[in-house]
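Q: Please examine one part of this structure closely, giving the cut-offs behind each term. The aromatic pairs should then be covered in the same answer.

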Amino acid sequence: MSEEQSIKEILDTCGHYTGLTMGTSMKPLIHHQRDNIIIVKNTERLKKYDVALYVTPKNKYIMHRVIEVYDDHYVIVGDNLLNREYVTDDMICGVLVGFYKNGKHYVDCQNSKLYLLYSKIWVALLPIRRILLLPERGLGWIKRHLFKKGN
């Protein structure tokens, strides 16, 4: 891969892209600079629970989970985020089909029942994710205040 070649160009040419992840938006499933993702060029409309790779108008690549599908757009959110994004088909480059955890254990996103269960549970928890993800206001705060020394 040349320095000038974008992920979208690689997907358009080869049909697949493999690379090390960047960022924390997909934690706890995928970790920054630790897990390798396998993306394929999508050939059909995305489905709920798919993890899409899309490009913003500023040419930034983002990989987040589809939580709602509409005729003209998708609602997408990172597993470690709270804010919803609205993405159209023309922004989508590819879809996650698998990844290697710590460079060793392969997770098949299309055939793993455990992965699908994780996806369904994590999307269902979106309304209370603020409690799960923000320790200064959520579970961490409760734990610190309920279990103070002297109580």
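A: **Asn-42 and the aromatic pairs**

A polar atom of the Asn-42 side chain lies 3.5 Å from the backbone oxygen of Glu-44. The model is predicted, so local features need pLDDT of at least 70 and side-chain atom pairs count only at pLDDT 80 or more, while totals for chains, interfaces and linings use all residues. Residues are numbered from 1 along each chain as its sequence is written, and side-chain values use heavy atoms, with hydrogens and water left out.

Asn-42 is placed in the loop between β2 (36-40) and β3 (51-55); strands are DSSP runs of E, at least two residues, and helices are runs of H or I, at least four, numbered from the N terminus. With neighbours within four places in sequence set aside, Asn-42 is in contact with Ile-92, Cys-93, Gly-94 and Val-95 (contact means heavy atoms within 4.5 Å).

Across the whole structure, a search finds two aromatic pairs. Rings of Phe, Tyr and Trp (its six-membered ring) pair if their centres lie within 6.5 Å; planes under 30 degrees apart count as stacked, over 60 as edge-to-face and the rest as tilted. Tyr-100 and Tyr-106 form a tilted pair, at 5.1 Å centre to centre with 50° between the planes. Tyr-100 is partly exposed, with a relative accessible area of 32%, and Tyr-106 is partly exposed at 35%. Tyr-118 and Trp-122 form a stacked pair, at 6.0 Å centre to centre and 10° between the planes. These two residues are separated by about one helical turn because they are four residues apart in helix α2 (residues 113-124). Trp-122 is buried, with a relative accessible area of 12% (buried means under 20%, exposed over 50%, partly exposed in between, with a 1.4 Å probe and protein chains only).

Methods
Polar contact = N/O pair within 3.5 Å; in protein donor to acceptor, adjacent residues only side chain to side chain.
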